[in-house]
Amino acid sequence: MTLLTIVQDAARGIGLPVPSTVIGNNDDNVARLLRFVTQEGQELVDGFDWAVLQKERNFSAVAQAVQTNALPTDFKRFIDHTFFNRTRKREVIGPLTPQEWQQQVSLTATVVVDAFRVRGADILVVPNPQAGDTMAFEYVSKYWIDTDPGNGTADAESFSSNADVPVLDEALLTLGAIWRYKASKGFDYAEEFRSNEIKRARLKGDDGGGRMMDLSNSSLRRRALVPQIQEGSWNL
C-alpha cells in the first residue's frame with residue numbers, strides 16, 4: 001500500500017470523502033490524516049526494533065580513538081551487544097557515558113576491554129584499534145519509508161510523494177491514523193485504539209520469528225554452535 005491508499009482507507013474508516021491525492025492537498029482532513037500516519041510510523045520506529053528496520057554497519061578502523069563519521073546517516077539506535085572488532089574477534093562494550101569514557105581514557109594502565117561511545121556522528125573507541133581492523137555493529141534505522149518502491153529499501157523518514165510506500169505494517173498505520181483523527185475531533189476512539197494496540201502487540205510477537213522455549217537439558221543442543229569452555233579452576 002502507498003501513502004495514498006493508506007489515507008484513502010483511513011478516510012473510508014472515518015466516513016470522510018476519499019481523497020485522490022495527499023501530498024499538496026489543502027483539505028484540512030487530508031492534512032490531518034497525513035500527519036497522523038506519519039506520527040504512527042514514527043512512534044513505531046521509536047518503540048520497537050522491527051526486523052525490517054534492522055541493519056548492519058561495517059567500517060575499517062583507523063589507528064586512533066575517533067572513528068570519523070562511523071555512524072550511518074539513517075542511524076536511530078544500537079542493537080545491544082552487536083558491536084564487535086571482527087579482526088580481533090572480540091566485543092566492543094558500550095555505548096559508554098561521557099563520564100565512563102573520560103575515566104577510561106584517563107587510566108594509566110592498559111585498557112584490556114574494548115569499549116566505545118558516540119559523540120556526534122563519530123564513534124570513539126578505546127583502546128585505539130589497529131588500522132584496518134574491521135568493526136561491525138547492528139542498528140535500527142530511522143528510515144521507514146521507501147520513496148523508490150521499485151528497490152524495496154526504506155530511504156526516508158517522512159513522506160514526499162503519494163506513491164511512497166512504508167515498510168511498516170500498513171493496516172497498523174491506518175488504524176493509528178483513524179484513532180488519532182477521532183481523538184483530535186473529540187470523537188469516541190476507544191475501539192480503534194484498542195484494535196491498534198492489539199494488532200501492534202501481535203505484530204511485535206511475530207516479528208522476526210521466535211526461538212523455541214525448552215526447559216529440559218536438551219535446550220543445550222539448540223544453542224548457537226560456539227566452542228564452550230567448562231567453568232572451573234584450571235592449571236595453566
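What share of the contacts in the protein chain with a separation of 6 or more is accounted for by residues 24 or more positions apart? In this predicted model, such residues account for 63% of those contacts.

**Figure 1. Overview of the predicted protein chain, with its 5 helices and 10 strands.** Of the 236 residues of the chain, 34% count as buried. The views that follow begin with the helices and end with the loops.

**Figure 2. Close-up of helix α1, residues 3–14, and the residue that comes just after this helix.** The end C-alpha atoms of α1 are 17 Å apart, which agrees with the 16 Å that its 12 residues should span at 1.5 Å a residue. The buried residues of the helix are L3, L4, I6, V7, Q8, A10, A11 and I14, and they pack against α2, against β10 (165–166) and against α4 (170–184). Q8, with a relative accessible area of 15%, is buried because that value lies under 20%. When its neighbours within four places in sequence are left aside, Q8 is in contact with V18, P19 and S20. Just after α1, G15 takes a positive phi of about 95 degrees.

**Figure 3. The packing of helix α1 with helix α4.** The two helices pack at an angle of about 45 degrees, and their axes are 9 Å apart; α1 and α4 are therefore oblique to each other. Their crossing is right-handed. On the side of α1, the contact is made by I6, D9, A10, G13 and I14, and on the side of α4 by E170, L173, T174, A177, I178 and Y181. Sorted by class, the contact of α1 with α4 has 7 nonpolar, 2 polar and 2 charged residues. Of the α1 residues in this contact, I6, A10 and I14 also appear among the buried residues of the helix.

**Figure 4. The crossing of helix α2, residues 28–47, with helix α5, residues 190–206.** The axes of α2 and α5 come within 13 Å and cross at roughly 40 degrees, which makes α2 oblique to α5. The crossing of these two helices is right-handed. E40, E43, L44 and G47 in α2 meet N196, R200 and K204 in α5, and by class this contact has 1 nonpolar, 2 polar and 4 charged residues.

**Figure 5. Surroundings of two buried residues of helix α2, T38 and V45.** T38 lies in helix α2 and, at 15% relative accessibility, counts as buried. With its neighbours within four places in sequence left aside, T38 is in contact with W144 and F159. V45 is found in the same helix, α2, and is buried with a relative accessible area of 4%. Leaving aside residues within four places in sequence, the contacts of V45 are with W50, L53, K76, R77, S141, K142, W144 and L168. W144 is thus listed in contact with T38 as well as with V45. The C-alpha atoms of V45 and K76 are separated by 8.6 Å, although these residues are 31 residues apart along the chain.

**Figure 6. Two cis peptide bonds, from G94 to P95 and from V126 to P127.** The bond from G94 to P95 is cis, with omega near 0 degrees, and P95 is found in the loop between β5 (90–91) and α3 (98–106). The bond from V126 to P127 is likewise cis, with omega near -10 degrees. P127 has its place in the loop between β7 (122–126) and β8 (134–141).

**Figure 7. Positive phi values at N69 and H81, neither of which is a glycine.** N69, in the loop between β2 (66–67) and β3 (75–78), has a positive phi of about 50 degrees. H81, whose phi is near 60 degrees, is placed in the loop between β3 and β4 (84–85). At 65% relative accessibility, H81 counts as exposed, since exposed residues are those over 50%.

Key:
Residues are numbered from 1 along each chain as its sequence is written. This is a predicted model: local features need pLDDT of at least 70, side-chain atom pairs count only at pLDDT 80 or more; totals for chains, interfaces and linings use all residues. Side-chain values use heavy atoms; hydrogens and water are left out. Axes are lines fitted to C-alpha atoms, for helices over the stretch in contact, and angles run from 0 to 180 degrees between N-to-C directions. Helices (H or I, at least four residues) and strands (E, at least two) are DSSP runs, numbered from the N terminus. Angles under 35 degrees count as roughly parallel, over 145 as roughly antiparallel, 65 to 115 as roughly perpendicular and the rest as oblique. A crossing is left-handed if the near helix is turned anticlockwise from the far one by less than a right angle, and right-handed if clockwise. Contact means heavy atoms within 4.5 Å. Ala, Val, Leu, Ile, Met, Phe, Trp, Tyr, Cys and Pro count as nonpolar, Asp, Glu, Lys and Arg as charged, and the others, Gly among them, as polar. The expected span of a helix is 1.5 Å times one less than its number of residues. Buried means under 20% relative accessible area, exposed over 50%, partly exposed in between (1.4 Å probe, protein chains only).
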